[in-house]
Amino acid sequence: MSPEPAAGTAPVSVHDNPSESRYEVHSGDTLAGFTQYKLSPGRIAFIHTETDPAFAGKGLAHRLVTDALDDVRSRDLAVLPFCPYVKKYLTKNPEYLDLVPAEQRERFGL
């Protein structure tokens, strides 16, 4: 996934945790946030994203969703953005809009 930050800051990593149905972002060894999903054949529905308030303003939610969508793209899954944060991300990052099926975009206001 994305490269690690510069020296002097805790390394940030994003991993899929299928047993919890969520992608997780860690700062060092600390769980900093997650985006929960429901997986079905050929599709992934993002339903909720949250970050620990202690990590607010550090760009971790953005990193989390970027890495999650990059992974989803590599798995050739369609995205249904029920989560307001993921929907907002897609609005601001149209290079990921193709992950939402064209016939579903109006439903999500995209």
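Two strands pair if DSSP finds at least two bridges between them. Helices (H or I, at least four residues) and strands (E, at least two) are DSSP runs, numbered from the N terminus. The structure is a predicted model, in which local features need pLDDT of at least 70 and side-chain atom pairs count only at pLDDT 80 or more, while totals for chains, interfaces and linings use all residues. Residues are numbered from 1 along each chain as its sequence is written, and side-chain values use heavy atoms, with hydrogens and water left out.

**Exercise 1. Describe the two hairpins.**

Step 1. S2 and S3 run antiparallel and are joined by six bridges. Within this pairing, Val25 stands opposite Gly33 in S3.

Step 2. Two residues lie between S2 and S3 in their hairpin, where Gly28 takes a positive phi near 65 degrees.

Step 3. S3 also runs antiparallel to S4, with eight bridges joining them. Lys38 has Ala45 in S4 as its bridge partner.

Step 4. The hairpin of S3 and S4 likewise has two residues between the strands, and Gly42 in the turn has a positive phi of about 80 degrees.

**Exercise 2. Find residues other than glycine with a positive phi, and state their exposure.**

Step 1. Most residues other than glycine have a negative phi.

Step 2. Ser21 has a phi near 55 degrees and is found in the loop between S1 and S2. Exposure classes use relative accessible area: buried is under 20%, exposed over 50%, and partly exposed in between (1.4 Å probe, protein chains only). Ser21, at 28% relative accessibility, counts as partly exposed.

Step 3. Asp76 also has a phi near 55 degrees; its place is the loop between H1 and S5. With a relative accessible area of 69%, Asp76 is exposed.

**Exercise 3. Identify the largest nonpolar core and its contributors.**

Step 1. A nonpolar core is a set of buried Ala, Val, Leu, Ile, Met, Phe, Trp, Tyr and Cys residues joined through side-chain atoms within 4.5 Å. The largest one has 24 residues, and those with the most contacts inside it include Tyr23, Val25 and Ile44.

Step 2. Elements giving two or more residues to this core include strand S1 (12-17), helix H1 (60-74) and helix H2 (84-92). H1 supplies the largest share, six residues.

**Exercise 4. Separate the two sides of H2.**

Step 1. Val86, Tyr89 and Leu90 of H2 are buried. They cover an arc of only 100 degrees around the axis, so they lie on the same side of H2; the arc is that of the directions from the helix axis to the C-beta atoms.

Step 2. Pro84, Thr91 and Lys92, on the other side of H2, are exposed.
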